[in-house]
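Please look over the sequence and the structure shown here before reading on.

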Amino acid sequence: MSLYHILFLSFLVFSIGLFGVLSRRHVVGILIGIELMFNAANLAIVGIAWSMGVLTGQIIALFGIAITAAEVAVGLALFLLVERLTNTVYADKIDTMRG
Amino acid sequence: MFATSETLLILVILPPFISFALNGLIPDLRKNKKTSSGISILAIVISALSSIALVVINPDTDIVFEWIPLTSFSPIIFGFFIDPIVLIMFLIVSLVSLAVQVYSLDYLREESPLSFGRYYTFQSLFAFSMLGFVASLSLLQIYIFWELVGLCSYLLIGFWYTRPEASRAAVKAFWVTRFGDVGFAIGMVLLWGATGTFFLPELFIKAPEISNPFLTLSLFLIVLGAMGKSAQFPLHVWLPDAMEGPTPVSALIHAATMVVAGIYLILRLFPLFELTLDPLVFVMWIGTITALLGACLAIVQNDIKRILAYSTVSQLGYMMAALGAGGAGVAYFHLFTHAFFKSLLFLAAGSLIHSLHTSDIWSMGKLAKKTPQVTALFLIGSLALSGVFPFSGHFSKDEILMWMHVRGFTLHFIILLITAFITSFYMFRAFFVVFFGKGESTSGQEVQEVKTPWVMTLPMWILAVITIFAGFQAGNFFNFLGLRLEEVHTHLEYLPLIVSILGIALAWTFYQGRYLSSKNVAISLSPINTALEKKFWMDDVYLWAYRYVLDGLSIVCGWFDRYLVDGLVNFTAYYTKRASQKLRTIQTGHAQDYLYGIIIAILLLFFLSILSPYLSPFLNEKENSVEFSEQIIQKGLQDDDD
């Protein structure tokens, strides 16, 4: 197992997450996509740190996971409010930013 | 003594301005008849007293400061100065202004307080501008005050602006004088371009160095300005129409002061005119033609103010002719006497118009018994204008005619002599018809009472006294100017007087004795009569030029502006709008669509950054960025080593 394998896995996970963000209609699906992208980034950081033989990557990843947890809480709260205001949780039904 | 005369100079020019500022800026003062007129008259009294004091002291002083400092040219000077010529003009302007402002107290009695206050505000502004004009030391400053008096003339002609004739006459006066002023402005700038200075004393020193055709051209252009302001042929058409303003205004601005600004300008610049003779010959011809033309047109007028207006045109022609013949002194003396007797005539006519509410001479008549006072005043003015001894007009007109005769301008002398004959004829035609006529056109209505309160008669009597005695002061006048009065004794010495009396006699034959019928003469000379009544079609020519030449040009310019200039702007705006309407459809409001855009852009940048090493030969960058940054790093390392 080399750094390239890890980075390839990270790239795959990031792409799947991005695809999820762009294509899911349900806001929770979008949030899961964002989580996947976050974890891909963490994976890449940990992998690179591991290949260099230092612990900094792991520390950054731990911080990242903590921040992600907080962000998920904020995201879910936002979606609750959006649901309350627009009576929908589907992203393609929400077009209040329309110019 | 020096300080005193400077103070007096300030006291002449500044009070009317302060009065204008007070009345103009504080509505409470302007809306009250007593305060507005009181402030204005107080200011002009101070000016008049200071002018008289200055004439007595006769100092040589100036107040000068740098207005616009320039590096490559002389600085532009702003300042006032006094010499005998300025002092006499101070005297004329402040005294006639005072007389007119007092007279107006009654003349404009029926006006509302607001327009009454407006009148006195403008009067103060006019007095300030005219006094500032005559004392100006630099050509640029002369031009500023020149325009200011023009503005006051416009405002006061259109004083009754609700009457369409009045506002049209105001605009006409402004346009015609403006036409001349453009010439003045160009001539002034040409002189500045040649000498680099507006300052008159410096200009006179440097002027001989200017090449002759150039100087002649600029002086011709300045003469154009003088012709516009002083109502000389062919720019005289505005002055008769300017009579739509209140009569005191006509007396002050369009008889005594503003219209002589052109004469005064040429007089001031006489050292320049002496260097090249062509403009002066031109001025002499224009003056002579104007004198004759104005007098001829005055014969057929039925409006008393228009008769006086044309006589002003004619007398201004005399002054111009004298100036052109080199007689600056005699022209100035005529200007001096004319200012007083002409404003007297206007004020006397005004008191009739004020009471009778008409200015048609045929509607008046039999006024001699009703108002002997005005009759006497008008007679004094008429005799002075006709040049009958011992009134002031006799002396000054004699001086001009004799000057022409002695200098050998025989043709001009004869024309001006004929003009003198016509002058006394039309003046006494008006006099006999107004004061002794039968009042033919009144349609049975008895001529009303003529009311002449002392506010009106006192200024007139003062002017009348000056008119009677000013002529005998000719010697003192010329001494004051530092000139010598030429005692001419030729066999033609009494000719002007004889001619004047003949004119009066002819008028008497026609209109008083009725030995000849003016109607029969008019019919037998019908082509001339028609030409005179149509004012030689001058107005029609201007109207034609206005309608077809100016309007045609305006239509072309308007088309260019509307369709080409505006079209370009509208074309751009239209297609911008169309493009925006297309573009806004990509703004769907869905967050995910925006994300697509962001990701596509990031991917593009990413690919560009990957491809840039391969693209750089095509991008034509002279500096390879990598090499450049390496150079900087190396330089920094070297600095560290040091």
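The report below describes chain A, then a helix of chain B, and then the contact between the two chains.

The model is a predicted one, and every value that follows was computed from it. Chain A contains three helices and zero strands, and when read along the sequence it follows the pattern α-α-α. Its overall dimensions are gathered in the table.

| Property of chain A | Value |
|---|---|
| Radius of gyration | 16 Å |
| Box filled by the C-alpha atoms, along the principal axes | roughly 50 × 25 × 20 Å |

For a compact globule of 99 residues a radius of gyration near 13 Å would be expected, whereas chain A has 16 Å. Of the 99 residues in this chain, 12% count as buried. Among the contacts in chain A with a separation of 6 or more, 45% are accounted for by residues 24 or more positions apart.

In chain B, helix 3 covers residues 33–57, and because each of its 25 residues should contribute 1.5 Å, with the span counted over one less than that number, a span of 36 Å is expected; the end C-alpha atoms are 36 Å apart, which agrees. Several residues of this helix are buried, including B:Ser36, B:Ile39, B:Ile41, B:Ala43, B:Ile44, B:Ala48 and B:Leu54. Just after helix 3 of chain B comes B:Asn58, which takes a positive phi of about 50 degrees.

How many residues of chain B are in contact with chain A? Nine residues of chain B are in contact with nine residues of chain A, and the residues on the chain B side divide into three nonpolar, five polar and one charged.

Notes:
Residues numbered from 1 in each chain as written. Chains lettered and ligands numbered in written order. Predicted model: local features only at pLDDT ≥ 70, side-chain atom pairs only at ≥ 80, totals over all residues. Helix = DSSP H or I, 4+ residues; strand = E, 2+ residues; numbered from the N terminus. Buried ≥ 20, exposed ≤ 12 C-beta atoms within 10 Å, placed from the backbone. Contact = placed C-beta atoms within 7 Å. Nonpolar A, V, L, I, M, F, W, Y, C, P; charged D, E, K, R; others polar. Rg over C-alpha atoms; globule rule 2.2 N^0.38 Å.
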